[in-house]
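The following exercises treat one protein chain, each with a worked solution. Please study the sequence and the coordinates before attempting them.

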Amino acid sequence: QVRLVESGGGLVQAGGSLRLSCSASGKSVENYAMAWFRQAPGKEREFVGAINWSGDRTQMFDSTGRFTISRDNAKNTVYLQMTTLNPEDTAIYYCAAGFTASTYAPAYDYWGQGTQVSVSS
């Protein structure tokens, strides 16, 4: 069983940056693809980014490069670096682990509890 715990969320002003972390325990995730999703109030959960097990392939929802996903398998941790944040980025951000990197939430077997990111204008 894999346990995922997100951290690093908080309140930030528009234009600011945050780095989210997702720490895994219970089992190594070095062979798992990892991803971030987010869910804003009243909206469906949406894909943010995914990274394969080795970290050499990533896929992001945003082509502007504002968000970057990375991982450190030695630390059993995946990161989401977010820059130039705007109020539309306000959501609960969830970390997920699965066998295949995908933009599709049901592809992931393990989920964290989420961390709140709030961006003020």
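## Exercise 1. Charge and overall form

The mean positions of the 10 positive and 10 negative charges of the protein are 4 Å apart. Here Lys and Arg count as positive and Asp and Glu as negative, while His and the chain ends are not counted; each charge is placed at NZ of Lys, CZ of Arg, CG of Asp or CD of Glu.

The model is predicted: local features need pLDDT of at least 70, side-chain atom pairs count only at pLDDT 80 or more, and totals for chains, interfaces and linings use all residues. Residues are numbered from 1 along each chain as its sequence is written, and side-chain values use heavy atoms, with hydrogens and water left out.

Task: describe the secondary structure and the overall dimensions of the protein.

Solution.

1. Count the elements. The protein has 11 strands and 0 helices; helices (H or I, at least four residues) and strands (E, at least two) are DSSP runs, numbered from the N terminus. The pattern along the sequence is β-β-β-β-β-β-β-β-β-β-β.
2. Assess compactness. The radius of gyration is 13 Å, close to the 14 Å that the globule rule gives for 121 residues, so the protein is as compact as a globular protein of that length. This radius is taken over C-alpha atoms, and the globule rule is 2.2 Å times the number of residues to the power 0.38.
3. Take the extents. Along the principal axes, the C-alpha trace spans about 40 × 25 × 25 Å.
4. Turn to the surface. The accessible surface comes to about 6,300 Å², and 46% of it belongs to carbon and sulfur atoms; such areas come from the Shrake-Rupley method with a 1.4 Å probe, and for residues only the protein chains shown count as cover.
5. Consider burial. Of the 121 residues, 43% count as buried, where buried means under 20% relative accessible area, exposed over 50%, and partly exposed in between (1.4 Å probe, protein chains only).
6. Examine the contacts (heavy atoms within 4.5 Å). Among those between residues at least 6 apart in sequence, 56% join residues at least 24 apart.

## Exercise 2. The disulfide

Task: which residues does the disulfide join, and why is it left-handed?

Solution.

1. Search the whole structure. The search finds 1 disulfide, defined as a pair of cysteine sulfur atoms within 2.5 Å.
2. Identify the partners. Cys 22 is joined to Cys 95, with an S to S distance of 2.0 Å.
3. Place them in the chain. Cys 22 belongs to strand E3 (residues 18-25) and Cys 95 to strand E9 (residues 91-98); the pair, 73 residues apart, links distant parts of the chain.
4. Determine the handedness. The torsion about the S-S bond of Cys 22 and Cys 95 is about -80 degrees, so the disulfide is left-handed.
5. Check the surroundings. Both Cys 22 and Cys 95 are buried.

## Exercise 3. Two loop residues with positive phi

Task: where do Asn 76 and Thr 84 lie, and is each buried or partly exposed?

Solution.

1. Begin with Asn 76. Its phi is near 55 degrees, a positive value in a residue other than glycine. Asn 76 lies in the loop between strand E7 (67-72) and strand E8 (77-82). Because its relative accessibility is 14%, Asn 76 counts as buried.
2. Continue with Thr 84. Its phi, near 45 degrees, is likewise positive in a residue other than glycine. The loop between E8 and E9 holds Thr 84, which counts as partly exposed at 49% relative accessibility.

## Exercise 4. The loop between E5 and E6

Task: state whether Asn 52 and Asp 56 are buried or exposed, and describe their spatial relations.

Solution.

1. Locate both residues. Asn 52 is found in the loop between E5 and E6, and Asp 56 lies in the loop between strand E5 (46-51) and strand E6 (58-60).
2. Read their accessibility. Asn 52 is buried, with a relative accessible area of 7%, whereas Asp 56 counts as exposed at 57%.
3. Find the partners of Asn 52. Leaving out residues up to four places away in sequence, Asn 52 touches Tyr 32, Ala 33, Arg 57, Arg 71 and Ala 101. The C-alpha atoms of Asn 52 and Tyr 32 are 7.1 Å apart, with their positions 20 residues apart in sequence.
4. Consider Asp 56. Its C-alpha atom is separated by 9.1 Å from that of Ser 70, 14 residues apart along the chain.
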